[in-house]
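Colleague: I should like to learn how to read the features of a structural model. Could we proceed one term at a time, with the general idea before the case?

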Amino acid sequence: MNRETVEAILGQYVNFVPYNDKNNLKGRCPFHKGGMEKTPSFFVYVGPNQGLRKRTGSAFCHTCGEGWGFVTLLKKLGASGEFIDAHVEIAEEFASPKK
């Protein structure tokens, strides 16, 4: 999965703001004040996978201190099972080595 894919999928739920970091997206946490917090505290990692904590699509909120993997985040945001399944398939396709 790449930055554009993650941003397109999560952008349906998260209000991202301009942020000059190639490995992270920054936005207003969808779980605080209806996604309208004054200071964006929600970060989504979009860089290459690096161990367990830095996985493409994983998110962390500095306000509440919670973190989520991509699928867990989609579930918490209320995405349907079909929606999640389709995007997991896309993610696996990007992760598999090209022949």
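Modeller: Let us begin with burial. A residue is called buried under 20% relative accessible area, exposed over 50%, and partly exposed in between, with a 1.4 Å probe and protein chains only. By that cut-off S58 is buried, because its relative accessible area is 12%. The model is a predicted one: local features need pLDDT of at least 70, side-chain atom pairs count only at pLDDT 80 or more, and totals for chains, interfaces and linings use all residues. Residues are numbered from 1 along each chain as its sequence is written, and side-chain values use heavy atoms, with hydrogens and water left out.

Colleague: What share of the 99 residues of the protein chain counts as buried?

Modeller: The share is 38%.

Colleague: How are helices and strands assigned, and what pattern does the protein chain follow along the sequence?

Modeller: Both are DSSP runs, numbered from the N terminus: helices are H or I with at least four residues, strands are E with at least two. In the protein chain there are 3 helices and 5 strands, and the pattern along the sequence is α-β-β-β-β-β-α-α.

Colleague: In which order do the strands form the sheet?

Modeller: Two strands pair if DSSP finds at least two bridges between them. Here the order is β1-β2-β3-β4-β5, in an open sheet with antiparallel pairing. At its edges are β1 (15-17) and β5 (67-68), each of which pairs on one side only. Strand β2 (residues 24-28) pairs with β3 over 4 bridges, and N24 has Y45 of β3 as its bridge partner.

Colleague: Where is S58 found, and which residues does it contact?

Modeller: A contact means heavy atoms within 4.5 Å. S58 is found in the loop between β3 (42-45) and β4 (59-61). Apart from neighbours within four places in sequence, S58 is in contact with F43, V44, Y45, R53, W68, G69 and F70. In addition, a polar atom of the S58 side chain lies 2.8 Å from the backbone oxygen of R55.

Colleague: What does P30 touch?

Modeller: P30 lies in the loop between β2 and β3. Not counting residues up to four places away in sequence, P30 touches Y13, V14, G35, F42 and L77.

Colleague: How should I read a pair of aromatic rings?

Modeller: Such a pair is described by the distance of the centres and the angle of the planes. Rings of Phe, Tyr and Trp (its six-membered ring) pair if their centres lie within 6.5 Å; planes under 30 degrees apart count as stacked, over 60 as edge-to-face and the rest as tilted. The structure holds 3 aromatic pairs. Y19 and F43 form an edge-to-face pair, 5.6 Å centre to centre with 70 degrees between the planes. This pair links the loop between β1 and β2, where Y19 lies, to F43 in strand β3, 24 residues apart.

Colleague: Are Y19 and F43 buried or partly exposed?

Modeller: Y19 is partly exposed, at 33% relative accessible area, whereas F43 counts as buried because its relative accessibility is 18%.

Colleague: Why is the pair of F42 and W68 called tilted?

Modeller: The planes of F42 and W68 stand at 40 degrees, with the ring centres 5.9 Å apart, so the pair is tilted. F42 is in strand β3 and W68 in strand β5, so the pair ties together parts 26 residues apart in sequence. Both F42 and W68 are buried. Ring pairs also link F31 with F42 and W68 into a cluster.

Definitions and conventions:
A polar contact is a pair of N or O atoms within 3.5 Å; within protein, one must be able to donate a hydrogen and the other to accept it, and residues adjacent in sequence count only if both atoms are side-chain atoms.
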